[in-house]
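Here is a short report on one protein chain. Look over the sequence and the model first, then read on.

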Amino acid sequence: MLSRRLGQAAMWLRGIAILAAFFYPVWTLHVHVFAQRIEEAPLSLAASFLTVQAGAILLQLLASCAFKWAVDLREGRSRRARPRILRELAAHVAGDDRRAALRKLERRYATDFDRSMERFLSLVTGESRERLTVLASELRLVSRWERRARYANDREQRRAVECLGLLAGARGGKALRRLARRSTPLVEAAACRMLARSADQRGAEQVFSLIVGKGYLVRVLLAGEMRRHALDLCDSALPIEAASVDTRRLTAALELAESWRMALRLPFLAEMMQHPSPEVRARALRLAPLAAGGQDVEPYILAALDEDSELVKAAALSVTASLRAPSLLPLLERFATGDSGELARLACAALRGFGPEGVGILRKLLLYGDARSAARAAEALASGSGPALGLEPA
């Protein structure tokens, strides 16, 4: 509330300052120039206003021309400088020591040098990239890119993070880890993404540990990048998080594992489905269809359907169709006719996924159930094919 009021006050102050900056010269011209030549005060004020307005337009035109000239001058310098920088970088990568010449070019054309380094780093690998990484460290480009990643605009922040991610060895990784720990959500996500792309198993574990402590936006942006390390993380990082007492981190870790949508080794899943926290139990239940190794999760599903927490019940209902256990059908029918609209909808969807037995229950609800149950059953049946509705093709 206080920050919003301060923002409004700052906006009003800026408006008043702009008005004062415009009307002060109008009044000055009226008093000292036009009032001495024009007797009618309204005409004098009008002449002063038009004069100031014409001056403001002229200044805008001059500023626009100067800006355009400066842009053209900068582009011309870039066109001349970049070929020189690229030639020197190519010679340095080839084995010739061109650090002195490159240091002069970097001091004179910092922006063009950064663009050229980014281009070269994306093209070379192995020893050549190592030489460029050492050069970037000696020229203090790493610290400059890190500062730019923190304080520049969004576009420059992304470019700086990408440059750091292209560096060989641990030089860029240290800066990326610093950015990943404390920055804006988008920069944190970009830094973690670059770390995940180049990380080995140990690095992937460190990135995963960072991600589960971040907000939802960062986790969404990085779930796909971590999928390539999923099997290794199930053997290392996930068990560590499963033993954690931090419920928020544990829930985030299970949420990431669920987003990978692949068979996973989850020996700790049974323990998680009995966790004291409803949020953790719900996430563990959603992971049950992905668990490899033939774990019997039906007893935990049955127990979850008898819980008081609607969150846990909803998670259990969402995975019952994948189990196809006949013992679940009576419970699903009970939920489909219950008072909770969301749970009833999930139960009807689960019955639709059970095959003929579930479809038969839905048809019975459609014909003999109350209005709400019939509507939910019809919605579930309509989400499938025509024969499920009892309709034969013409």
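Leaving aside its neighbours within four places in sequence, which residues is V161 in contact with? This is a predicted model, and in it V161 touches A149, L176, L179, V187, A190, A191 and M194. V161 sits in helix α7, which covers residues 154-166. With a relative accessibility of 1%, V161 counts as buried, because buried means under 20%. L311 is another matter. It lies 150 residues from V161 along the chain, and the two C-alpha atoms are separated by 39 Å.

**A buried arginine**

R115 belongs to helix α4, residues 110-123. Its relative accessible area is 16%. That is under the 20% limit, so R115 is buried. Setting aside residues up to four places away in sequence, R115 touches R82, R148, E156 and R159. One of these contacts, R148, also appears in a salt-bridge network. The network links E106, D114, R144 and R148.

**Salt bridges**

How many salt bridges does the structure hold? The count is 24. Three pairs are set out below.

| Pair | Closest N to O | Relative accessible area |
|---|---|---|
| R228 and E225 | 3.1 Å | R228 52%, E225 13% |
| R283 and E255 | 3.5 Å | R283 22%, E255 16% |
| E333 and K364 | 2.8 Å | E333 24%, K364 38% |

Take R228 and E225. Their side chains meet in a salt bridge. R228 is exposed, whereas E225 is buried.

Next comes the pair R283 and E255, joined by a salt bridge. R283 lies in helix α16 (residues 278-287) and E255 in helix α14 (residues 247-259), so the bridge ties together parts that are 28 residues apart in sequence. R283 counts as partly exposed, while E255 counts as buried.

The last row pairs E333 with K364, again through a salt bridge. Here E333 is in helix α19 (residues 329-336) and K364 in helix α21 (residues 356-368), so parts 31 residues apart in sequence are tied together. E333 is partly exposed, and K364 is partly exposed too.

**How α20 meets α21**

Helix α21, which holds K364, also packs against another helix. Two packed helices are described by the angle between their axes and the distance between the axes. Helix α20 spans residues 341-352, and its axis comes within 7 Å of the axis of α21. The two axes cross at roughly 135 degrees. That makes α20 oblique to α21, because angles count as roughly perpendicular from 65 to 115 degrees and as roughly antiparallel over 145.

Which residues in α20 meet α21? They are C348, L351 and R352. On the α21 side, the partners are G358, V359, I361 and L362. By type, the residues of this contact divide into 5 nonpolar, 1 polar and 1 charged.

**Two loop arginines with positive phi**

R140 has a phi near 60 degrees, a positive value in a residue other than glycine. Its place is in the loop between α5 (126-138) and α6 (141-151). At 65% relative accessibility, R140 counts as exposed, because exposed means over 50%.

R261 also has a positive phi, near 50 degrees, and is likewise a residue other than glycine. R261 is found in the loop between α14 and β1 (264-265). Helix α14 is the one that carries E255. R261 has a relative accessibility of 54% and counts as exposed.

**Domains**

Where do the domain bounds fall? Domain 1 runs over 199-323 and domain 2 over 325-384. Their centres, taken over C-alpha atoms, are separated by 28 Å. The contact between them takes 12 residues from domain 1 and 14 residues from domain 2.

Notes:
Residues numbered from 1 in each chain as written. Predicted model: local features only at pLDDT ≥ 70, side-chain atom pairs only at ≥ 80, totals over all residues. Heavy atoms only, no water. Salt bridge = Lys/Arg side-chain N within 4 Å of Asp/Glu carboxyl O. Buried < 20%, exposed > 50% of the residue type's maximum accessible area, 1.4 Å probe, protein only. Helix = DSSP H or I, 4+ residues; strand = E, 2+ residues; numbered from the N terminus. Axes fitted to C-alpha atoms, helices over the stretch in contact; angles between N-to-C directions. Parallel < 35°, antiparallel > 145°, perpendicular 65-115°, else oblique. Contact = heavy atoms within 4.5 Å. Nonpolar A, V, L, I, M, F, W, Y, C, P; charged D, E, K, R; others polar. Domains from an automatic or database assignment.
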